[in-house]
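Trainee: Before we discuss terms, could you show me the model, so that each word can be set against its definition?

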Amino acid sequence: MSHFDTLETRSQDEREAGQLTLLNGLLERQGQRPLDKLSSLASLPVLRKAELSERQKAKPPFGGLPVGDIVHYFQSPGPIYEPGGVSHDWWRMGRFLHALGVGRGDIVHNCFGYHLTPAGMIFENGARAVGAAILPAGTGQTELQVRAAADIGTTVYAGTPDYLKIILEKADELGERLTINRAAVSGGALFPSLRQYYADRGISCLQVYATAELGNIAYESPAMEGLIMDEGVIVEIVRPGSDRPVPDGEVGEVVVTSLNPDYPLVRFATGDLSAILPGTSPCGRSNRRIKGWMGRADQTTKIKGMFVRPEQVAQLVARHDEIARARVVASREGEMDIMTVQIETRATNPALYEPSIVATLKMRAHVELLPPGALPNDGKVIEDRRSYE
């Protein structure tokens, strides 16, 4: 299969040099100093959704961020407002659809919503970028969806992973034979059994990881070995609650810098967990890959009547150079909450960390010292073991 463009097969050195040039252009427009190397991006602060929402309240609608040529205003839960453009592949979704084999002659049955949130327009813009036509279907009215798919001859489904199954089952019930043979899915978990269900019906199903603020972040190719990072973003994995990148392979929070000149976001935290995969995809695309969605990074938990947040655990780790990782565990003894702080360190005296725990977590805790590497690689910095049944 041909590639969408030459950016997909460039060397990592070429990619980083090109991304650094684009990034410095965006930073200079915002009055910030340029960076000497791409890894210096980690020195800039992370922008989290709560902070973006507060900025937008103070300076509506986009919080004072520089916005270029846009034609749409969208609203996501929060509320958070996002701009949208209609220029070629504005959200970079065409790259993913091309990997799925979508192009001229295809008709995309677009079941993403068009109201307030941008998902419908994101996929429509991508379909137009590869020359496909679009049925703007949205969700609901399943009989009408089947009627339209049969009459028009839609060939590609775009929507959440499970909604296509509802359409197919309704088509079976109505005795209609649909011509959908590819599915571009996002916005929910694609379970292996569901992908196999589609495969058994002759439908190739690939998934993309995208958000309203950033567009395409990473996508599957037919190799289906992880999600390949999009060429228009810089992806980092950081320790939840902190600004610090984790080593490749360790689970952490996905932080993305968008190189879109119309809406540049620098180190925007998605709130999702993932990890960097080693090597590159066997499909020939040379960019790095992530494992996919592995949970949420915001693990805020109330213990003994007080909220404990990932940022506080990060502050505890930052106080001690010898701490590799730490995790707060909430449990119960009888009717009482118990907080245990597990710390990866070569130190042997738990009392060494008690003052820092009180200072950062605002309460005392049992301290459990573990050797480096002992904690599970699951991205959790707060674990709630209490039963609520």
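Mentor: What follows takes up the cavities and then one helix. This is a predicted model, in which local features need pLDDT of at least 70 and side-chain atom pairs count only at pLDDT 80 or more, while totals for chains, interfaces and linings use all residues. Residues are numbered from 1 along each chain as its sequence is written, and side-chain values use heavy atoms, with hydrogens and water left out.

Trainee: What makes a space a cavity, and how many of 30 Å³ or more are there?
Mentor: A cavity is a set of points on a 1 Å grid over the protein atoms alone where a 1.4 Å probe fits but cannot get out; by this rule there are three of 30 Å³ or more. The largest holds about 100 Å³, the volume being the space filled by probe spheres set on the points.

Trainee: Why is the second largest cavity said to lie between two domains?
Mentor: Its lining (residues with an atom within 4 Å of a point) includes W90, W91, S258 and Y263. Domain 1 (11-70 + 224-288) and domain 2 (85-212) both contribute to that lining, so the cavity lies between them; the bounds come from an automatic or database domain assignment.

Trainee: How do you know that the buried residues of α9 line one face?
Mentor: In helix α9 (residues 354-361), S356, I357, T360 and L361 are buried, meaning under 20% relative accessible area with a 1.4 Å probe, protein chains only. Seen down the axis, these buried residues fall within an arc of 100°, so they line one face of the helix; the arc is that of the directions from the helix axis to the C-beta atoms. Helices are DSSP runs (H or I, at least four residues).

Definitions and conventions: 1 Å grid on protein atoms, 1.4 Å probe; cavity = no way out; pocket = protein on both sides within 12 Å on 5 of 7 lines; lining within 4 Å. Buried < 20%, exposed > 50% of the residue type's maximum accessible area, 1.4 Å probe, protein only. Helix = DSSP H or I, 4+ residues; strand = E, 2+ residues; numbered from the N terminus.
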